[in-house]
Structure formats: C-alpha cells, structure tokens
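Work through the following exercises with the sequence and the model side by side. Try each task before reading its solution.

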Amino acid sequence: MNLTPLVQSFVLHFGEMGSRWGINRTVGQIYALLFVSPKPLNADEIAEALAFSRSNVSMGLKELQSWRLVRLQHLPEDRREYFTTPDDVWAIFRTLIEERRKREVDPTLSMLREALMQQPTEAGDQYAQQRMAAMHELIELTTTWFSDVQKLDEQTLRQLMKLGSAAQKFIEFKDKVFFTKRLGESSPPSFEVKP
C-alpha cells in the first residue's frame, strides 16, 4: 500500500504532533492512517503502509483501543481483525477529552484533595496549600465545565464554539441587567451583540 504525498504528509505531521501531546509517534501515525483511510485496515496493511514492524503496529493498536479511538471490525470470510476510527470527529473529540481527563486530570485532582486534607505544620506548607487550593478550584471548575459541554449535542456545541467573544458580551449584558434590577431601574441598558 503506497501512501499519496497528501496522506503521507498528514500521517507524518500527526505522528510529530502526537509526540507533543504525550502519545508515541508511532501510535499517532497509525491513528492518522486509519483516520484518512476510506476502508478498514488490518495490522499487516498498516505495517506495510507505514514501514513499521508488525509488533509495533500491534502495540499501537492496543493503545488506541485503550483510548477508545479505534474500532475493531471483522469482514465476512476473513479471520483477520480490521481497524477503523469513528466517523464523527465530534465523537472523537469527546472521547479524547474524556480519556485525557481520566488519565491526567482525575489523578491530579485526587492528589490535590489529599494534600488539602493535611494539616500544615509550617508556614511554607500553609502557603503551598493555599496555592494548591487555587489550582484545585480552577481544575474542578474546568472539569465541571467540560462535563457540561460533553452533554451538549453537536449543533449546540458548534454554536457555543462560534460564539467566541460574544459569550463575554452576553455575560456583561446579564451582569448589567442584574445590576439594573437591583437598583430598581425600570429599563435595562441598551446592548448590541454582534456575531
């Protein structure tokens, strides 16, 4: 299986980016190949296309399966296992966020909770605990927000992402309306939201 220059550049780039995201370059390249492949591929086809050893491909596929980023398929009258990625890029995005949270964020939150439950005995520990509490609050807030975003349907999520700075204007408007109601004014200030 020969890769076109377009596919090859995507696969190579994705491998490099994968290593920056904390995954093995080989795993990133396997995923990229499966992502752009119009049909499911078996391990031998992947190894041939990427010039990887069969064992590297097998280990990479196991890692991708543990991340739930590839699906195993069987074809009629073929005993080999074939692999593909989910078709929906939004589902892939949600899976990545969820897996990264489980692997990276949750252990950090657990460690911070344990550290915050300890009684500091030195001034340096008291300061450190205050900083850890601020970090815990930020991570907890972000995680809750991501959990809420995960529940949104694709269309709503698209609209939310397209809002950009208009979301900030909406919050400012809400604050102005709330402030006006507290002061007892009869009409809220005029406000224009530009998309």
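The exercises below go from model confidence to the core, the salt bridges, the surface and the backbone.

The model is predicted: local features need pLDDT of at least 70, side-chain atom pairs count only at pLDDT 80 or more, and totals for chains, interfaces and linings use all residues. Residues are numbered from 1 along each chain as its sequence is written, and side-chain values use heavy atoms, with hydrogens and water left out.

**Exercise 1. Confidence**

Find which element of the chain has the lowest mean pLDDT and which has the highest.

Solution. Begin with the scale: pLDDT is the predictor's confidence in each residue, from 0 to 100. The chain average is 87, and 91% of the residues score at least 70. Next, take the elements, which are DSSP runs numbered from the N terminus: helices (H or I) of at least four residues and strands (E) of at least two. Helix α8 (residues 165-183) has the lowest mean pLDDT, 70, while strand β1 (residues 41-42) has the highest, 97. Where pLDDT is low, the predicted coordinates should not be read in detail.

**Exercise 2. The core**

Identify the residues that touch the most other members of the largest nonpolar core, and the helix that gives the most to this core.

Solution. First fix the terms. A nonpolar core is a set of buried Ala, Val, Leu, Ile, Met, Phe, Trp, Tyr and Cys residues joined through side-chain atoms within 4.5 Å. Buried means under 20% relative accessible area, exposed over 50%, and partly exposed in between, with a 1.4 Å probe and protein chains only.

The largest core has 23 residues, and Ile-30, Leu-34, Ile-46, Val-57 and Leu-61 touch the most other members. At least two residues of this core come from each of α1 (5-20), α2 (25-36), α3 (43-50) and α4 (54-66). With six residues, α2 gives the most.

Now check one member by its contacts (heavy atoms within 4.5 Å). Leaving aside neighbours within four places in sequence, Ile-46 is in contact with Ile-30, Leu-33, Leu-34, Leu-41, Val-57 and Leu-61. As a general rule, in soluble globular proteins nonpolar side chains tend to be buried together.

**Exercise 3. Salt bridges in α5**

Describe how Arg-103 pairs with Glu-99 and how Arg-100 pairs with Glu-104, and state whether each partner is buried or partly exposed.

Solution. A salt bridge is a side-chain nitrogen of Lys or Arg within 4 Å of a carboxyl oxygen of Asp or Glu. The count by this rule is 12.

Step one: Arg-103 and Glu-99 form a salt bridge at 3.2 Å, N to O. Both lie in helix α5, four residues apart, about one turn of the helix. Glu-99 counts as buried because its relative accessibility is 3%, whereas Arg-103, at 37%, counts as partly exposed.

Step two: Arg-100 and Glu-104 form a salt bridge at 2.7 Å, N to O. Here too both residues lie in helix α5, four residues apart. Arg-100 is partly exposed at 29%, and Glu-104 is partly exposed at 38%.

Step three: look for linked pairs. Arg-68, Glu-98, Glu-99, Lys-102 and Arg-103 are linked in a network of salt bridges.

**Exercise 4. The loop residue Arg-68**

Locate Arg-68 and describe its phi and its contact with Thr-95.

Solution. Arg-68 is in the loop between α4 and β2 (71-74). Its phi is near 60°, a positive value in a residue other than glycine. Arg-68 is partly exposed, with a relative accessible area of 39%. Thr-95 is in helix α5 (residues 89-117) and counts as buried because its relative accessibility is 13%. Not counting residues up to four places away in sequence, Thr-95 touches Trp-67, Arg-68 and Leu-69.

For another positive phi, turn to Glu-77, which has a value of about 60° although it is not a glycine. Glu-77 lies in the loop between β2 and β3 (81-84) and is exposed, with a relative accessible area of 87%.

**Exercise 5. Helix α6**

Determine where Leu-138 lies and whether it is buried or exposed, then give its distance to Val-149.

Solution. Leu-138 lies in helix α6. Leu-138 counts as exposed because its relative accessibility is 55%. Leu-138 and Val-149 are 11 residues apart in sequence and 16 Å apart in space, C-alpha to C-alpha.
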